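Welcome, and please get your viewer ready. We will go from the whole chain down to single side chains, one selection at a time.

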Amino acid sequence: MDKPNLIAKLNEAIALELAALIQYNQYAQVLLGPERIVWEEFFAGNADESFGHVKKFGAKVVSLGGKPCVEPSEVVQTNDLTEMLENSLNLERNAVRVYTEALEFCGNNVAYRNMLEDHIEVENDDVEEIEKFLNKIEAVGTARITSSKSA
Ligand SMILES: [Fe+2]
């Protein structure tokens, strides 16, 4: 296990989670109009989830002998729902990338590898859900739905 690099990488993840917490919370607050009925809860829920991740990995950074990051990465503000979702997708994709990079520094420490692998699945689920919201799922080969008439 490469502790210095793992601490640095987890702090990179915490910076993203802090940005996600602030950004999702801001979106939940500023979104107005009929869309608010559906999306306020989504953004507020994701803000809570991100705060949970800030606490989870901050605790791990301390256990590893480091100091948890307190500086968020870039927060992107908007009042437009589609832009909110695009910005959210960027954040979640970055989270998957950084947690995946963190895996490299776990060596053969099974507990940390397992924790990160489970966590990457959680972040990846968020990515896939937002891709569905934005209709960004690409049909692959025979997975394309065709009507029986055209078959
Ligand atoms: Fe997260």
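What share of the contacts in the protein chain with a separation of 6 or more comes from residues 24 or more positions apart? The share is 82%, where contact means heavy atoms within 4.5 Å. Before going on, note that this is a predicted model, in which local features need pLDDT of at least 70 and side-chain atom pairs count only at pLDDT 80 or more, while totals for chains, interfaces and linings use all residues. Residues are numbered from 1 along each chain as its sequence is written, and side-chain values use heavy atoms, with hydrogens and water left out.

**Stop 1: the whole chain**

Show everything as a cartoon. You should find four helices and zero strands, in the order α-α-α-α along the sequence. Helices (H or I, at least four residues) and strands (E, at least two) are DSSP runs, numbered from the N terminus. Taken along the principal axes, the C-alpha atoms fill a box of roughly 60 × 40 × 20 Å. The chain has 151 residues, and 39% of them count as buried. Buried means under 20% relative accessible area, exposed over 50%, and partly exposed in between, with a 1.4 Å probe and protein chains only.

**Stop 2: two helices side by side**

Select residues 3-30, helix α1, and residues 81-103, helix α3. Their axes are 9 Å apart and the packing angle is about 165°. Axes are lines fitted to C-alpha atoms, for helices over the stretch in contact, and angles run from 0 to 180 degrees between N-to-C directions. α1 and α3 are therefore roughly antiparallel to each other, a label for angles over 145 degrees. In the contact of α1 with α3, you can color 15 nonpolar, four polar and six charged residues. Here Ala, Val, Leu, Ile, Met, Phe, Trp, Tyr, Cys and Pro count as nonpolar, Asp, Glu, Lys and Arg as charged, and the others, Gly among them, as polar.

**Stop 3: salt bridges**

Now show side chains. The structure holds six salt bridges, each a side-chain nitrogen of Lys or Arg within 4 Å of a carboxyl oxygen of Asp or Glu.

Pick Glu101 and Arg97, whose closest N and O atoms are 3.4 Å apart. Both lie in helix α3, four residues apart, which is about one turn of the helix. Add Lys9 and Glu12 to your selection: with Arg97 and Glu101, these residues are linked in a network of salt bridges.

Next, select Glu131 and Arg93, a salt bridge with its closest N and O atoms 2.9 Å apart. This pair links distant parts of the chain, as Glu131 is in helix α4 and Arg93 in helix α3, 38 residues apart. Is Glu131 buried or exposed? Glu131 counts as buried, at 15% relative accessibility, whereas Arg93 is partly exposed at 38%.

Then try Lys136 and Glu86, whose salt bridge has its closest N and O atoms 3.5 Å apart. Lys136 lies in the segment after α4 (110-133) and Glu86 in helix α3, so the pair ties together parts that are 50 residues apart in sequence. Lys136 is partly exposed at 36% relative accessibility, and Glu86 is partly exposed too, at 30%.

**Stop 4: a backbone angle**

Finish at Asn135, in the segment after α4. Phi of Asn135 is near 55°, a positive value in a residue other than glycine. Most residues other than glycine have a negative phi. With a relative accessible area of 68%, Asn135 is exposed.

Key: Parallel < 35°, antiparallel > 145°, perpendicular 65-115°, else oblique.
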